[in-house]
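Please look over the sequence and the model below, and then follow the path of one sheet, strand by strand, with the text as a guide.

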Amino acid sequence: MAVLTFEAVVKRFGDFTAIDQLSFGVPEGGVFGFLGANGAGKTTSLRMALDILRPTSGRIEVLGRAPGRDQAPSIGFLPEERGLYRQMTVTGVIAYFGRLKGLSAAAARRAAEALIERLDLGAWARRPVAGLSKGMSQKVQLATALVNTPRLLLLDEPFSGLDPVNQALLEDIIREAARDGATVVFSTHVMQHAERLCDRLILLSGGRSVFHGTVSEARSLLPPRLRLTAREAPGRLAGVAHAAPMSAAVDGWTDYEVALRPGADPGDLLETCTANGFLLREFQVERASLHEVFLHLVGGQSEASA
Amino acid sequence: MRRVWLVAARDFRQIVATRGFWMLLLVVPVVIAGSLAATQFLGRPARGAAFVVVDPINTVAPTIDRRIAEAGRAADFVRAPTPADAPVDAGPEAFGAYIQGRLGISVGAPGNVRPLALALWVPKDFSYGERARVWVAPTADPDLVRIVRSSAGRAERLAALRGAGLAETAAERIESLGPQVIAAPTVAERRRGDLVLRSILPLALVYLLLVAAMTTGSMMLQGVIEERSNKLLEAVLACVRPEELMQGKLLGLGAVGLTILAVWVGCAAAAVHAAQGPAAGLVAAALQPLGQPWMAPALLFYFVSGYLIVSTVFLAIGSMSDTVQDAQAYLVPALMAIMAPVVVMMDAVIVDPDSPIVRAMTWIPPYAPFAMLARLGSGVPPLEAAGSGILMVGFIWLELFLLGRVFRASLLGAGQPSPLRALRRLMGRKREAT
């Protein structure tokens, strides 16, 4: 069952088309990545899923229904632009969002206290948010998204502004939420996070989907890079498009950078070598990274950071 | 509705936790307490006054003592013994020369030492044409001077009447003759007096409405701008519809306004109760209209309606502004548009509650609550009251609907030029083009 479905969704702001015929589905469970350069339409899509914005045309379903605040008890949301009520205490603000999402006062306070413990915010629990550092405030904001133990967790650029330690903590929390049965959808333009966390992803460019599938499928969009060390040049082997020596031969052995023909499999090449007595000392396959796929698909429009 | 209440409660708590709220809340009680203390302090004679009476045959002194007692000033005006070295038998000139040098100087008097404010010399016998003489210090209490002069004058007139051969009782009767003055206002004056008295409470509520709406309106405006600049709206709007957020804010900050109003009115009532006297009588008379069963609900309805209408303007400006400075530029014309006609209308109500301008404003929704509140004291025809009320409710509904649209359209525009700035730029371009 899909927990989030977009069908031919279009969103225009005046003459500008932010989302153009976007269709995809997010299956229940696991981590789903919303990838794209700045301005690709990630935040707009998430806002439409939350009914903060309405699509110009098309259909959106969230947890089997049209988007609306009635689903707030089942959804957690961390916006890209972070902010909190500065005069409220840490416990107070987390519990307040719990109450807005339908928890009773007692349940919201219990959930807030548990999250404060989990996120190591105990020393600040009764202090006003105004006195927190930026990193601490971001943890509190994350807690406001998690306080209702959501079925669907929507995180808009969640790693932005976090230091490496807190980025690792956030990755743990995302995995933990997915392990506990939640579906996590997060947007990012940092491909390493997506590569480590996502089961499936969608890649947006100019408001359109340029890829939708698993991470493995995405990485397969580009042929793998192959390096081998052999006595003979591998250019004549089946499936090899091009082979270039990388350095001068040492004791008769030369390192080659091999480009395979489209659709050719490195495993088949290795099998051919073995069957034909083609001597190898090293055979190293490097699949394309998500970053390379991103650059390949989005090209010059990308402003993505590495 | 639950989310509306949650937003309202949070906003209420946030405002109540600020120092500004408590300063605002306490300013009226402090001013009232200060005024009462000052009144009591200023109204009490600091030291009282002493006076001396030289009255060899005791003709005038008892009358003076009696009249001072009747005026309730016995504690203030004390008759001091004539100084032992005073030349009381040397005639009025000698006594006058002696006593003038002592006026204003403290003398020993029963109870304490007080400044000598006045001295009276009464001749032994008025029948020889001699007259009483009074020496008065410039700072003497006018009441004391009046009592002493009238008492001495009465004694002189009685002596003259007796001297003319009248019996004692006849002389007393003639001396006390004089017309009885009865204040008799015209029917129109009486009507106007009643009207003013009945209008005190509604007119006071108009002023309180203006103060409460303006004060809490600016709090509301700052709250919305803070939420926009803090970038937390998106998280809130994921759980709460823009309309619910707006309604919650109106409810929460409306509760702040009504709390302030209740405390101010309560303190004023307590002060009047504690003060007693003419002010208490006036307020009691002004509160008489509340005896009519429909009056209290009507006052509350118009007060809340007016509050909503004004607060909504503040909320709309706040939701479209990026900074307080940005908002203030637009608040001045908006507030002028609300306040100027109301002030004009208030003057008109005092002169004639049925004047065309007042009747016209009853049918203009933004001003209708003020006009109706101001007219309640003089009585409004039921049909007019019902029609205006229905129009007002419709207008408030429309205002809330439009504000909801403004909220939805503008709240997520943080970081982009505010709608007001965009409007200003557009107007600038138009001016350039023309």
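In chain A, an open sheet of four strands (DSSP E runs of at least two residues, numbered from the N terminus) follows the order β11-β12-β10-β13 with antiparallel pairing, where two strands pair if DSSP finds at least two bridges between them. Its edge strands are β11 (240-245) and β13 (280-286) of chain A, each of which pairs on one side only. This is a predicted model, in which local features need pLDDT of at least 70 and side-chain atom pairs count only at pLDDT 80 or more, while totals for chains, interfaces and linings use all residues. Residues are numbered from 1 along each chain as its sequence is written, and chains are lettered from A and ligands numbered from 1 in the order in which they are written.

Turning to the individual pairings, β11(A) is joined by five bridges to the antiparallel strand β12 (residues 254-260) of chain A, and within β12(A) it is Glu257(A) that stands opposite Ala244(A). β12(A) also pairs with β10(A), in the antiparallel sense and over five bridges, and here Asp255(A) of β12(A) has Thr229(A) opposite.
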